[in-house]
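Biologist: I'd like to learn how to read empty space and helix packing in a model. Can you walk me through one?

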Amino acid sequence: MSACGAFLAGLAAGAVLCAVGGFFLWRSELSRLGRLISFAGHEINTPLTAVNMTALNFLSGIFGDIPPEQAKWMRLLRSQSSRMGSIVGELRDLIHHHMRRDLIMYVEPSSVKEAVDAVISAVGSSLCENEAKIEVEVGELPAVMADPDRLFRTVSSMLFHARKFRASGDIHIIARPLDGEVEAVVSYHGPKLPPEAAARSLELFYPAQRRKDQQLCSVGMGLGLLRLVARLQGGDFGFEVDQDGLSRLVLRLPTTLRPPARAVRRST
């Protein structure tokens, strides 16, 4: 090999080594930033939980009766603090998935009905402030393999998405058993969307896409994160809009432990 060829080969090798080193340095810094933001999210969630429990204690009568005109504001306080806690949880999931690459699901037998009831109890009043009724059709269902906290967050996000984009009519929650799964559907009449637009809304970074208008395109961390979390639990999540604007948020979760392998049973 000539001196010139050797020089060029060395230069190329050095460039490759620098690129590899730069990549791992970038990943290390991104992971460290992720740990810091995740820690901050945990710290934010702690006082939110305290506020939520205080509002719940007031509404439960532990501190005595409260006047009806004050009770409605206490219900609003509870619903919004519960919602904020769910968003913080979604943010931490996104951080662990994208920045730290260590998001793991710990699943256990969980009840879809209990999750729906808990969400309605926590945030139902705020959903009804715009005169939308929530019609629930959830009977006896087999247990699903899911993380109970994330199941609550997902149902909460589905309802708040329906509330935000509902154009008319009531919001419906229907859950039914399928072959090896339980399907939970939140439906509402919203804006008409072409299939490709509905599909794009399921992309993980859809809320961050540049838009020509200033309209809110999603709620919380977006539908893409709900799909990611569902799939990591062995289920799936979809969004469908028909030609009349009837919109369906569809969550499916398995009744038995199912791949991906990263979804593991929580030890008892």
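**Holes and helices**

Modeller: Let's start inside: H2, H4 and H6 each supply at least two residues of the lining of the largest cavity. Keep in mind that this is a predicted model.

Biologist: How do you find a hole like that in the first place?

Modeller: The general idea is that rolling a probe the size of a water molecule over the atoms shows where empty space is left. Here, a search of the whole structure turns up three cavities of 30 Å³ or more.

Biologist: What volume does the largest cavity have, and which residues line it?

Modeller: Its volume is about 50 Å³. The lining is made of Glu90, Asp93, Arg150, Arg153, Thr154, Leu225, Leu226 and Val229. Sorted by class, that lining has four charged, three nonpolar and one polar residues.

Biologist: OK, on to the helices around it. How do I describe two of them packing?

Modeller: In general, two packed helices are described by the angle between their axes and the distance between the axes. Take H2 and H4: their axes lie 10 Å apart, and the packing angle is about 115 degrees. That makes H2 roughly perpendicular to H4. The crossing of this pair is left-handed.

Biologist: Which residues make the contact between H2 and H4?

Modeller: From H2 you have Gln80, Ser82, Arg83, Ser86, Gly89, Glu90 and Asp93, and from H4 you have Arg150, Phe152, Arg153, Ser156, Ser157, Phe160 and Arg163. By class, this contact divides into six polar, six charged and two nonpolar residues. Glu90, Asp93, Arg150 and Arg153 should ring a bell, as they are among the residues lining the largest cavity.

Biologist: And at what angle do H2 and H6 cross?

Modeller: They cross at roughly 70 degrees, with axes that come within 11 Å. H2 and H6 are therefore roughly perpendicular to each other. H2 passes H6 in a left-handed crossing. On the H2 side, Glu90, Asp93, Leu94 and His97 make the contact, and on the H6 side it's Leu225, Leu226, Leu228 and Val229. The classes here are five nonpolar, two charged and one polar.

Biologist: That leaves H4 with H6. Are those two roughly parallel or roughly antiparallel?

Modeller: Look at the angle: the axes of H4 and H6 (residues 223–232) cross at roughly 150 degrees and come within 11 Å. That makes H4 roughly antiparallel to H6. Their crossing is left-handed. In the contact, Arg150, Thr154, Ser157, Met158 and His161 of H4 meet Leu223, Leu226 and Val229 of H6. Four of those residues are nonpolar, three are polar and one is charged.

Biologist: So much for closed space. How much space lies in the largest pocket?

Modeller: About 720 Å³. It has 30 lining residues, and Asn45, Gly85, Asp149, Arg150 and Arg153 lie nearest the centre. The elements giving two or more residues to this lining are helix H1 (3–59), helix H2 (68–99), strand S1 (105–110), helix H3 (112–127) and helix H4 (148–165).

Biologist: Which of these gives the most?

Modeller: H2 does, with nine residues. As for chemistry, the pocket lining splits into twelve polar, ten nonpolar and eight charged residues.

Biologist: Is there a residue I should look up to tie this together?

Modeller: Try Arg150. Arg150 is one of the residues nearest the pocket centre, and Arg150 is also among those lining the largest cavity. In the helix contacts, Arg150 is one of the H4 residues meeting H2, and one of those meeting H6.

Notes
Residues are numbered from 1 along each chain as its sequence is written. This is a predicted model: local features need pLDDT of at least 70, side-chain atom pairs count only at pLDDT 80 or more; totals for chains, interfaces and linings use all residues. Side-chain values use heavy atoms; hydrogens and water are left out. On a 1 Å grid over the protein atoms alone, a cavity is a set of points where a 1.4 Å probe fits but cannot get out, and a pocket is an open set with protein on both sides within 12 Å along at least five of seven lines; lining residues have an atom within 4 Å of a point. Grid points are joined across faces, edges and corners, and a volume is the space filled by probe spheres set on the points. Helices (H or I, at least four residues) and strands (E, at least two) are DSSP runs, numbered from the N terminus. Ala, Val, Leu, Ile, Met, Phe, Trp, Tyr, Cys and Pro count as nonpolar, Asp, Glu, Lys and Arg as charged, and the others, Gly among them, as polar. Axes are lines fitted to C-alpha atoms, for helices over the stretch in contact, and angles run from 0 to 180 degrees between N-to-C directions. Angles under 35 degrees count as roughly parallel, over 145 as roughly antiparallel, 65 to 115 as roughly perpendicular and the rest as oblique. A crossing is left-handed if the near helix is turned anticlockwise from the far one by less than a right angle, and right-handed if clockwise. Contact means heavy atoms within 4.5 Å.
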